[in-house]
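Subject: Structure for you to look at

Hi there,

Here is the structure I promised to pass on. Please open it alongside this message, and have a look around before you read on.

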Amino acid sequence: MRGELCIGSATFLSLVALILLIFMHVGQISTSNVPRNIAMMKVNMTGFGTGLAAATAPDPVTGLYTDNASTPLAQHLGLRNFYDFGLYKYCAYVNSTHGTCSHHVTANKLQPYDAVTNDMPDQYTIITDALVASFPPTAFSDSQYLGQFSRAAYYLLLLGSIATGLALLVGLLRHALGFLASTVFAILGSLFLLIGSVIWTVIVKKAQGINTVIVPTSPPTPLGITVETGNGLWLAWSAFACLIVSVLPYMISCCTYRG
Ligand SMILES: *[C@@H]1O[C@H](CO)[C@@H](O)[C@H](O)[C@H]1NC(C)=O
Ligand SMILES: *[C@@H]1O[C@H](CO)[C@@H](O)[C@H](O)[C@H]1NC(C)=O
Ligand SMILES: *[C@@H]1O[C@H](CO)[C@@H](O)[C@H](O)[C@H]1NC(C)=O
């Protein structure tokens, strides 16, 4: 009876971890509403028009944003208010509901600065580059740093997801050796998910350095770019928690199961 309880809870935990990871992966790939709102990092550009206008005063800032939700991305046709970055693509929204998504994120790299400056009309791209370069550097505009680390983290999360799936599948065979293999997959998967989630957490934290940048006008004006952690990252952390908790029951199952 205790054996069945262990097998059941290990299976349940790894199944929950797998479901959470699937949501993390399909976020934004699917066009239906719930997964579409899953992102690893969110950027709010709403205040940037004000920040840029303060920096370029007395010249006014006009035509920086587009309010047409279907305008193509990355063609300097207008900035959007909100940018959501997922593992495979990013979406840009003119308001809380309407937006358009990129075909894919280049080689799974997170490059938010490129995404936003490639939407600005050309003259504002040049001004923004000069303005951002005049502040102490932040990771937000360091596309090389964010790109490399997000890519490494992506592969770790992918390996962690595959290991989670294998732990679940092999465990369903209900064989002592199978539970041993599930234990190993759950341990490896937890490790990959942990490192991947830590890297994502660190790069989002570093990118948030942009949140407190102030344009030194009088009175001082915030630059108006706000970076937030996306719910996809919480899914990754939750999957890690479920999977690591499943290690113990898998281990007990492998030691006690007489099939
Ligand atoms: C975006 O930022 C602006 C200020 O810059 C703030 O007023 C607004 O509430 C933010 N919106 C969201 C959805 O976070
Ligand atoms: C919005 O942009 C799309 C794609 O560029 C274009 O086909 C459409 O006519 C635009 N709509 C408006 C109202 O400007
Ligand atoms: C968002 O923008 C779209 C297209 O510009 C518009 O049709 C829609 O009513 C807007 N929704 C809200 C909540 O403002």
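Below are my notes on the cysteines, the cavity and the annotated spans. Please keep in mind that this is a predicted model.

Let me start with the cysteines. The count of disulfides comes to one, and the bond joins Cys-91 to Cys-101, with an S to S distance of 1.9 Å. The link between Cys-91 and Cys-101 is right-handed, with 95° about the S-S bond. Cys-91 belongs to strand β3 (residues 90-93) and Cys-101 to strand β4 (residues 99-101), so the bond ties together parts that are ten residues apart in sequence. As for the surroundings of the two partners, Cys-91 has 0% relative accessibility and is buried, whereas Cys-101, at 22%, counts as partly exposed.

What about Cys-6, and how far is its sulfur from the closest cysteine sulfur? That closest sulfur belongs to Cys-255 and is 10 Å away, which is too far for a bond. Cys-6 is buried, with a relative accessible area of 13%. Cys-255 is in no disulfide either: the nearest cysteine sulfur to it, that of Cys-254, is 3.9 Å away, while a disulfide needs the two sulfur atoms within 2.5 Å. In contrast to the buried Cys-6, Cys-255 is exposed, with a relative accessible area of 51%.

Next, the interior. The model has one cavity of 30 Å³ or more, and its volume is about 50 Å³. Which residues line this cavity? Phe-85, Gly-86 and Leu-87 do, together with Val-105, Asn-108, Lys-109, Leu-110, Ser-150 and Trp-200. By character, the lining divides into five nonpolar residues, three polar ones and one charged.

Finally, the annotation. An unreviewed UniProt entry lists residues 152-172, 179-203 and 232-252 under "transmembrane region". I can tell you how two of these spans look in the model. Residues 152-172 are 100% helix and 0% strand, and the C-alpha atoms at the two ends lie 31 Å apart. For residues 232-252, the end C-alpha atoms also lie 31 Å apart, and the span is again 100% helix with 0% strand. Trp-200, one of the cavity-lining residues, has a number that falls within the listed span 179-203.

If you have a moment, you might begin with the Cys-91 to Cys-101 bond and then move on to the cavity lining around Phe-85 and Trp-200.

Best wishes

Key. Residues numbered from 1 in each chain as written. Chains lettered and ligands numbered in written order. Predicted model: local features only at pLDDT ≥ 70, side-chain atom pairs only at ≥ 80, totals over all residues. Heavy atoms only, no water. Helix = DSSP H or I, 4+ residues; strand = E, 2+ residues; numbered from the N terminus. Buried < 20%, exposed > 50% of the residue type's maximum accessible area, 1.4 Å probe, protein only. 1 Å grid on protein atoms, 1.4 Å probe; cavity = no way out; pocket = protein on both sides within 12 Å on 5 of 7 lines; lining within 4 Å. Points joined across faces, edges and corners; volume = space filled by probe spheres on them. Nonpolar A, V, L, I, M, F, W, Y, C, P; charged D, E, K, R; others polar. UniProt positions renumbered as here; feature names shortened; annotations may be inferred.
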